[in-house]
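Here are some notes for a colleague at the bench on the empty spaces in this protein. Please read them with the structure open.

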Amino acid sequence: MADPGKPVIVTAQRGGELRCRGWRQEAILRMLENVLEIGERPEDLVVYAARGKAARDWESYVRIVESLRHLGEDETLVVQSGKPVAVFPSSPDAPLVVMACGNVVGHYATAEYFDELCDRGLIMWGGLTAGDWQYIGFQGVLQGVYELLQAVGKEHFGGSLDRRFVLTAGLGGMGSAQPLAIAMAGGCGIVVEIDPEKCSRALERGHLASVTDDLDKALALVGPREAGSVIGLVGNAASIYSEIAEKRVVPDVVTDLTAAHDAVFGYCPVDYSLEQWRECRHLDPTGVADRARRSMAIQVQAMQRLKAGGAIVFEDGNNLRVQAEAAGVHDAFTIDGFAERYLRPLFCRGIGPFRWVALSGERADLAELDRLVVEMSFRPEVGSWISLARSHVTPQGLPARSCWLGHGERSRFAYAVNALVHEGRLAGPVAFTRDHFDSGGMTHPHIGTEGMADGSGAISDWPILDALLLAASGADLVAVHAGGAGYAGYMQSAGVTIVADGTEGAGVRLRRGLDADSGLGVLRYADAGYTAALSTARSAGLGLRHEREERQWHES
Ligand code: NAD
């Protein structure tokens, strides 16, 4: 159907010219434009993860843009699953935008019913950072995969992943971070991808050493275990993983980042060509989902064989085990989940995927922010990451940095950046945000909150409280998302963006909002009994004031 509202190409505005009534609103608008500038299928408003969209449809997009352009400092725009609903009077201390995306009450939250609601144009899946305009491109997941591989290296390989063979799959929006993350961690490996164009893109970016469609050739290339050598293998992960297991080749590390959570649009069944898959997912979505789940079962069983052979095997947050279990692999969860096994100790300290975006579009602003975060010397890991990111990350969209900072570190840094904006030492304001997959931001009993020590992994009060608290603290954009498509019924999350525009008010919002966000995250793990979170909470003075004071009195 012809869509008169459909822009040909969306790019984020750069420079100092404002189209809105203030920088806070302009910042939110640039963030929206940016996710489409760097998204996977902007023509369909799809940003990443197969179907994660920025707006319900092009008409909604145009109405959101117009609403932001006219929005006052004391007003709040309400967005329901990518469609603007209304602008209400609020206060300069309230969020400019609140949104809820993909939420369906528990009993109805199935993939099938969600798809039906999507088809009727009533709801949208915003992924984690697509629907609330916080996606910063593949760098967003790059540090996550890097931190994960570092943790794996520390735990299993005497401190580092040096020259270890990683087998993984998927070179999509998120998955394309994998080759670079493996190389940055000093490893080597094979990434299986069904779409040759995705392999070519990674090759052109310089992230793959070579591409082949021949497994034996790929294995021969990875044989010498040369650090940083990652091979793209065009093929289907289910069949390739099985063939590797049959050959009794045992990689050191095995995982996967196909969009397995979405059995229709995210995972190509083993008996389909890429073209057949693309055609059939529209004609026969139920049949495709069934075949895809059976293929995922084959892949998971191959991963289990590789684990039995000695490989370190984990799921990387794409719901692969849930899908395989649905297809009859009853012991799919003998494969570890990455967050519980490797990242939880960081989340207990409020350390997670924090990000900032230089809204001027100037690379020099990003360089200045990189310099400042290193100078503030929070932890040695921060300096190492920034130097790796500066040398390896290719620019995408507005200059942005993902940097895992912890509770207290985020607010101190953002406050210092706000001062730089105020002093005119940057060309423009800076937006601070984070992935929803963060200590306080997400409930997902098969990803972020798997195996919580007190059994609270499925309780979604926490991200909802996080969003309410962020709104109370005056964050500029606050979102409550739920899992649509294949994540339906499995997750609830909260997203936040706060703008450093150099004003005193921004300083207050940044301190209040960022400390509340990571502080609640730390308390969530403290509540579950994790020692690291209890000690972070104690040293940061988090919790109920009268209990803090009582404790201080006893300790003195
Ligand atoms: P995407 O849809 O952009 O890419 C998926 C890729 O997998 C595509 O390139 C597709 O061609 C390929 N593929 C599909 N089936 C295949 C098969 N059988 N064999 C080989 N290749 C196949 O998705 P994305 O944005 O890259 O996200 C991937 C997954 O990662 C999603 O499930 C997403 O939710 C999850 N995710 C994880 C994290 C994390 O922190 N670990 C963060 C964000 C997203």
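The points below take up the enclosed cavity and then the second largest pocket of what is a predicted model.

1. On the enclosed space, the structure holds one cavity of 30 Å³ or more, and the volume of the largest cavity comes to about 60 Å³.

2. The largest cavity is lined by Val 145, Leu 148, Leu 149, Val 166, Thr 168, Gln 178, Ile 182, Thr 255, Phe 314 and Asp 316. Two or more of the lining residues come from each of α4 (139-156), β6 (165-169) and α5 (178-184), and α4 gives the most, with three residues.

3. As to the chemistry of this lining, six residues of the largest cavity are nonpolar, three are polar and one is charged; Asp 316 is among the residues that line the cavity.

4. Turning to the open spaces, the second largest pocket holds about 920 Å³ of space. Its lining is made up of 30 residues, and those that lie nearest the centre of the pocket are Arg 51, Asp 115, Cys 118, Asp 119 and Phe 265.

5. Helices α3 (111-119), α9 (274-283) and α10 (285-308) each supply at least two residues to the lining of the second largest pocket, and the largest share, six residues, comes from α3.

6. Sorted by class, the lining of the second largest pocket has 13 nonpolar residues, twelve charged residues and five polar ones, whereas the lining of the largest cavity has six nonpolar, three polar and one charged.

Methods. Residues numbered from 1 in each chain as written. Predicted model: local features only at pLDDT ≥ 70, side-chain atom pairs only at ≥ 80, totals over all residues. Heavy atoms only, no water. 1 Å grid on protein atoms, 1.4 Å probe; cavity = no way out; pocket = protein on both sides within 12 Å on 5 of 7 lines; lining within 4 Å. Points joined across faces, edges and corners; volume = space filled by probe spheres on them. Helix = DSSP H or I, 4+ residues; strand = E, 2+ residues; numbered from the N terminus. Nonpolar A, V, L, I, M, F, W, Y, C, P; charged D, E, K, R; others polar.
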